[in-house]
Amino acid sequence: MENLNALEVANSPAVWALASIAVIAVLVETILFLRLARKAAGLKEINLTKKQCNRALRAGVVSAIGPAFGVFIVMIGLISVLGGPISWLRLSVIGGATTELTAATVGVNALGGDISEPLSMMELSNAWWTMSINACGWLVVTWIFGSRMEKVRNRIGGGDSRWMEIFSSAATLGIFGAFCSEYVVTGIQSVDYKVVLVMAVSAAAMWALQQLSNRWKWLKEYCLGLAMVAGIASAMIF
């Protein structure tokens with residue numbers, strides 16, 4: 001087994017065929033969700049027009065551009081180490097690019113290997129298993145608690161939609177603040193202010209776009225996506 005070229009096996013037609021089964025299932029699920037959303041939009045309680053639905057879809061597509069760039073960049077690194085099919089599969093099903101790379105690194109390191117070096121078949125197999133098992137916790141938690149979260153949301157909000165909007169915004173700020181703070185602290189401690197500059201550019205872009213959206217209302221729904229793109233562009237420059 002150790003004499004086999006791990007990357008050749010990882011990029012073999014058989015692995016591509018197996019990975020495509022799960023990716024096709026995700027694509028079908030996406031189409032079904034879109035159909036259900038269109039159907040729900042016509043209900044009396046919601047009563048959204050086709051134009052409003054299309055605007056929401058466009059806003060979602062633009063907002064997804066920024067995260068997609070990040071996933072694409074990490075995917076290039078994963079492909080060079082773990083092969084195209086498994087990288088395509090993992091990032092199509094989960095999308096946690098950084099998490100997948102970390103899980104693969106842990107799997108390789110557990111056998112005393114280095115993910116930056118060519119992998120043996122055993123190291124490649126261990127990386128794949130670690131990536132798959134790592135995702136099981138998310139799926140189990142979603143399966144158990146997903147259907148109950150609406151009750152929790154209503155209990156926290158007490159039926160007040162305005163309070164829930166404030167609560168959701170605060171939670172989102174807290175989550176992204178926690179993600180960003182780690183990089184800011186590391187950058188300051190290592191006297192490397194590139195990360196801080198990137199975040200400053202992103203924040204400035206978001207503020208500027210918000211100001212512009214007060215004049216051009218149509219811009220409001222694209223602010224987040226465009227600010228992400230500005231942040232990624234500044235990271236490439238810095």
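Among contacts in the protein between residues at least 6 apart in sequence, 56% join residues at least 24 apart. The model is predicted. Its secondary structure comes to 10 helices and zero strands. Buried residues make up 24% of the 238 residues.

**Overall build**

- From the N terminus on, the elements run α-α-α-α-α-α-α-α-α-α.
- The C-alpha trace spans about 60 × 50 × 35 Å along its principal axes.
- The accessible surface comes to about 16200 Å². Carbon and sulfur atoms hold 70% of that surface.

**Charges and the salt bridge**

- The protein carries 18 positive and 14 negative charges. The mean positions of these two sets are 21 Å apart.
- Side chains of opposite charge can pair when their charged atoms come close.
- How many salt bridges does the rule give? The count comes to one.
- That salt bridge joins the side chains of Glu-100 and Arg-90, at 3.2 Å from N to O.
- Glu-100 lies in helix H5, residues 97-109, and Arg-90 lies in helix H4, residues 84-93, so the pair ties together parts that are 10 residues apart in sequence.
- Are Glu-100 and Arg-90 buried or exposed? Both are buried.

**Helix H4**

- H4 is mostly covered, with seven of its 10 residues buried.
- Arg-90, the H4 partner in the salt bridge, is one of those buried residues.
- The other buried residues of H4 are Gly-84, Pro-85, Ile-86, Ser-87, Leu-89 and Leu-91.

**Cysteines**

- How many disulfides does the structure hold? The number is zero.
- Cys-53 has a relative accessible area of 15%. The cut-off for buried is under 20%, so Cys-53 counts as buried.
- Cys-136 has a relative accessibility of 39%. Partly exposed runs between the buried cut-off, under 20%, and the exposed cut-off, over 50%, so Cys-136 counts as partly exposed.

**Leu-57 in helix H3**

- Where is Leu-57 placed? The residue sits in helix H3, which covers residues 50-82.
- Leu-57 has 40% relative accessibility and therefore counts as partly exposed.
- Leaving out residues up to four places away in sequence, Leu-57 touches Leu-34 and Arg-38.
- Leu-57 and Trp-88 are 31 residues apart in sequence. In space, their C-alpha atoms are 24 Å apart.

**Leu-111 in the loop after H5**

- Leu-111 is found in the loop between H5 and helix H6, the latter covering 121-145.
- At 44% relative accessibility, Leu-111 is classed as partly exposed.
- Which residues does Leu-111 touch, not counting residues up to four places away in sequence? The contacts are Met-122, Glu-123 and Asn-126.
- Leu-111 and Met-131 are 20 residues apart in sequence. The C-alpha to C-alpha distance between Leu-111 and Met-131 is 15 Å.

Methods. Residues are numbered from 1 along each chain as its sequence is written. This is a predicted model: local features need pLDDT of at least 70, side-chain atom pairs count only at pLDDT 80 or more; totals for chains, interfaces and linings use all residues. Side-chain values use heavy atoms; hydrogens and water are left out. Helices (H or I, at least four residues) and strands (E, at least two) are DSSP runs, numbered from the N terminus. Buried means under 20% relative accessible area, exposed over 50%, partly exposed in between (1.4 Å probe, protein chains only). Contact means heavy atoms within 4.5 Å. Accessible areas come from the Shrake-Rupley method with a 1.4 Å probe; for residues, only the protein chains shown count as cover. Lys and Arg count as positive and Asp and Glu as negative; His and the chain ends are not counted. The place of a charge is taken as NZ of Lys, CZ of Arg, CG of Asp or CD of Glu. A disulfide is a pair of cysteine sulfur atoms within 2.5 Å. A salt bridge is a side-chain nitrogen of Lys or Arg within 4 Å of a carboxyl oxygen of Asp or Glu.
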